[in-house]
Amino acid sequence: MVLIRGGTYTVGTNKPIIIADGEGPEFTVKIDDFYIDQYEVSNSDFAQFIAETKYKTDAEKYGDSFVLYSLIKDEKTKNQNISAVAAVPWWLSISNANWIHPEGPGSNINDRWNHPVLHVSWFDAITYCNWLGKRLPTEVEWEVACKGGLKDKLFSWGNSLLVKGKHKANLWQGLFPFNNTVEDGYESTAPVDAFLQNKYGLYNIIGNVWEWTENWWSVKHYEEKQNPAGPVKGTDKVKKGGSYMCHKDYCYRYRCAARSQNTPDTTAGNVGFRCAKSLSPFKK
């Protein structure tokens, strides 16, 4: 884990791009010291948790999960399934898709042990973190970690998506969802240590997979000025960072200040997490 020193930080933005998401305005908060995982939780990490606890994920209990259409190599599986959500036809609800079978039956993670675990709900994520004596980061902690000490920048490393012509994150290149040119080298997930992104030594905090945070979702910013924990209740949980499916023309939410949400029981092939830990009991 990486230690992030407590202090006064600025989060949010006065230049919101997706206004409906509540990206702005910019505001100042004080937070305590905390640790955050340097990497997203990998399949290997999660497999150890499963082996020791015999835990069943929500996707395994429900019997299906969402998979990106273009990643399903089995034509029979494609033809037998239709999108469950008309607004996002590229998502198919695939029977028996889960963390160990990311694209459904016939798929596996044999060559992806160092890739982020997928198809984990918020409930799965907190159970894993608790098993290690950790927790999920709050949204503010996650954003402070993402910004890496920079101010008024879009990404963890600055404002330019490419640095010296090289990709700094696993995102979608090409026309979404029809053509992924894979210029960053990855059609789907990348290894958790593939992209070092800021001076805190964090990898893939932008792109690769969406990351769950502790907070309930609200478009209204926090009134708390010290260790803000957000709303005390809600229907959706905040996720941050974007994923390999994000493109500026479709989902420009791979900026540090950007945000999105899902119900805590949601599972999909582009959602993962990393854990955090307090130095002292966390203040709610």
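Trainee: Let's kick off with Y35: in which strand is Y35 found?
Mentor: Quick ground rules: this is a predicted model, where local features need pLDDT of at least 70, side-chain atom pairs count only at pLDDT 80 or more, and totals for chains, interfaces and linings use all residues. Residues are numbered from 1 along each chain as its sequence is written, and side-chain values use heavy atoms, with hydrogens and water left out. Helices (H or I, at least four residues) and strands (E, at least two) are DSSP runs, numbered from the N terminus. In that scheme, Y35 is found in strand β4.

Trainee: Is Y35 buried, exposed or partly exposed?
Mentor: Buried means under 20% relative accessible area, exposed over 50%, and partly exposed in between (1.4 Å probe, protein chains only). Y35 has a relative accessible area of 31%, so Y35 is partly exposed.

Trainee: What is the area of the nonpolar surface patch with Y35 in it?
Mentor: Patches take residues with over 30% relative accessible area and no salt bridge, joining like charges within 9 Å and nonpolar side chains (Val, Leu, Ile, Met, Phe, Trp, Tyr) within 5 Å. The areas come from the Shrake-Rupley method with a 1.4 Å probe, and for residues only the protein chains shown count as cover. M1, L3, Y35 and L279 make this patch, and its area is about 320 Å².

Trainee: Now inside: which residues touch the most other members of the largest nonpolar core?
Mentor: A nonpolar core is a set of buried Ala, Val, Leu, Ile, Met, Phe, Trp, Tyr and Cys residues joined through side-chain atoms within 4.5 Å. The largest one has 59 residues. Elements that each supply at least two of its residues include β1 (2-4), α1 (43-53), α5 (139-147) and β11 (210-216). The members touching the most others are I4, F46, L68, L136, I206 and F273.

Trainee: Take L68: which residues is L68 in contact with, leaving aside neighbours within four places in sequence?
Mentor: Contact means heavy atoms within 4.5 Å. With the sequence neighbours set aside, L68 is in contact with W90, W91, W172, Y244 and M245.

Trainee: How many residues of α5 are buried?
Mentor: The buried residues include E139, W142, E143 and K147. Just after α5 comes G148, with a positive phi near 60 degrees. The helix is largely enclosed by the rest of the structure, because the buried count is nine of the nine.

Trainee: And which residues are linked with E139, E143 and K147 in a network of salt bridges?
Mentor: A salt bridge is a side-chain nitrogen of Lys or Arg within 4 Å of a carboxyl oxygen of Asp or Glu, and the count comes to 15. In this network, E139, E143 and K147 are linked with K240 and R259.

Trainee: Which strands stand at the edges of the open sheet that contains β11?
Mentor: Two strands pair if DSSP finds at least two bridges between them. The order is β13-β12-β11-β14, with mixed pairing. β11 runs antiparallel to β12 (237-240) with three bridges, and parallel to β14 with two. Each edge strand has a single partner, so one side of each is left without a neighbour in the sheet: these are β13 (260-262) and β14 (271-272).

Trainee: Which residue of β12 stands opposite W212?
Mentor: Walk along the pairing: E211 stands opposite K240. W210 faces the other partner, standing opposite V271 in β14. Opposite W212 in β12 stands K239.

Trainee: How many residues apart in sequence are the parts tied together by E23 and R255?
Mentor: Their side chains meet in a salt bridge (2.7 Å, N to O). Both ends are out of the way: E23 is buried at 1%, and R255 is buried at 2%. E23 lies in the loop between β2 and β3 and R255 in the loop between β12 and β13, so the parts tied together are apart by 232 residues.

Trainee: What about K73 and E187: how many residues apart are the parts that pair ties together?
Mentor: The closest N and O atoms here are 3.5 Å apart. K73 is exposed at 59%, while E187 is partly exposed at 35%. K73 lies in the loop between β5 (64-68) and α3 (75-80), and E187 in the loop between β10 (179-180) and β11, so the separation in sequence is 114 residues.

Trainee: Last one: which residues does P16 touch, not counting residues up to four places away in sequence?
Mentor: P16 sits in the loop between β2 and β3 and is partly exposed at 31% relative accessibility. With the local neighbours left out, P16 touches E23 and G24.
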